[in-house]
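Colleague: I've got this one open on my screen and would like to go through one part of it slowly with you. Could you take a close look at the charged pairs and tell me how they sit in the fold?

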Amino acid sequence: MAKRGGFPGGMPGNMNNLMKQAQRMQRQMEETTKELEAKEYTAAAGGGAVSVTVSGKKEIVSVKLSEEVVDPDDIEMLEDLIVAAANEAFRQMEADSSEAMSKLTGGLGGALGGGFPF
């Protein structure tokens with residue numbers, strides 16, 4: 001009987017297809033990552049008095065403050081508003097990233113340990 005390489009029962013062809021699918025998924029993930037990194041997310045706090053914009057690269061791009069929120073006697077409130085707006089913008093970015101990756105993986109992200117760079 002001739003010995004076939006790889007797995008018994010014709011698995012090498014299936015393994016090749018699996019590898020091609022994995023490589024295609026990796027390329028799609030890289031493209032999606034680039035697209036997500038190029039996006040910006042803006043959130044406001046204090047009724048719009050503070051606005052923070054973050055990038056998909058997890059960097060704060062800008063902070064905008066309304067004049068009336070800048071009170072030298074209440075710096076803590078301004079600090080809290082900036083933190084709140086930044087955190088909300090980052091939450092939006094994370095939700096968008098998770099949704100985009102979930103579409104690519106068909107929900108396998110959790111099963112794979114969520115090893116995505118987001």
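Modeller: Here is a walk through the salt bridges, with the fold first and one strand pair at the end.

Keep in mind that this is a predicted model. The protein has two helices and three strands, and from the N terminus on they run α-β-β-β-α. Of its 118 residues, 25% are buried. The accessible surface comes to about 8,300 Å², and carbon and sulfur atoms hold 53% of that. If you take the contacts with a separation of 6 or more, 47% of them are between residues 24 or more positions apart. Two of the salt bridges below also link parts of the chain that are far apart in sequence, with gaps of 57 residues and 36 residues.

Now the charges. Side chains of opposite charge can pair when their charged atoms come close. The count here comes to four salt bridges, and I'll go through three, beginning with K39 and D96. Their side chains meet with 3.0 Å from N to O. K39 lies in the loop between α1 (11–38) and β1 (40–45), while D96 belongs to helix α2 (residues 75–105), so this pair ties together parts that are 57 residues apart in sequence. K39 counts as partly exposed because its relative accessibility is 38%, between the 20% and 50% cut-offs.

Next comes K58, which deserves a longer stop. K58 pairs with E94, and the closest N and O atoms are 3.3 Å apart. Again the link is between distant parts of the chain: K58 is in the loop between β2 and β3, E94 is in helix α2, and 36 residues separate them. To place that loop on your screen, β2 covers 50–55 and β3 covers 60–65. Both partners are partly exposed, with relative accessibility at 40% for K58 and 27% for E94.

The backbone of K58 is worth a look too. Most residues other than glycine have a negative phi. K58 is not a glycine, yet has a positive phi of about 65°. So K58 gives you two things to inspect in one loop: that backbone angle and the salt bridge to E94.

The third pair, E88 and R91, stays inside one helix. Their side chains meet at 3.2 Å, N to O. The two are three residues apart in helix α2, which means that about one helical turn separates them. E88 is partly exposed at 31% relative accessibility, and R91 is partly exposed as well, at 48%. Helix α2 therefore holds both members of this pair, and also contributes D96 to the pair with K39 and E94 to the pair with K58.

Last, step from K39 into the strand that follows. In a regular strand the side chains alternate between the two faces of the sheet. β1 has a covered face made of Y41, A43 and A45, and an uncovered face with E40, T42 and A44. β1 runs antiparallel to β2, and six bridges join them. One place to find that pairing is Y41, whose bridge partner in β2 is V54. The hairpin of β1 and β2 has four residues between the strands, and there G46 takes a positive phi near 65°.

Key
Residues numbered from 1 in each chain as written. Predicted model: local features only at pLDDT ≥ 70, side-chain atom pairs only at ≥ 80, totals over all residues. Heavy atoms only, no water. Buried < 20%, exposed > 50% of the residue type's maximum accessible area, 1.4 Å probe, protein only. Contact = heavy atoms within 4.5 Å. Areas by Shrake-Rupley, 256 points an atom, 1.4 Å probe, with all protein chains shown as cover. Pairing = 2+ DSSP bridges.
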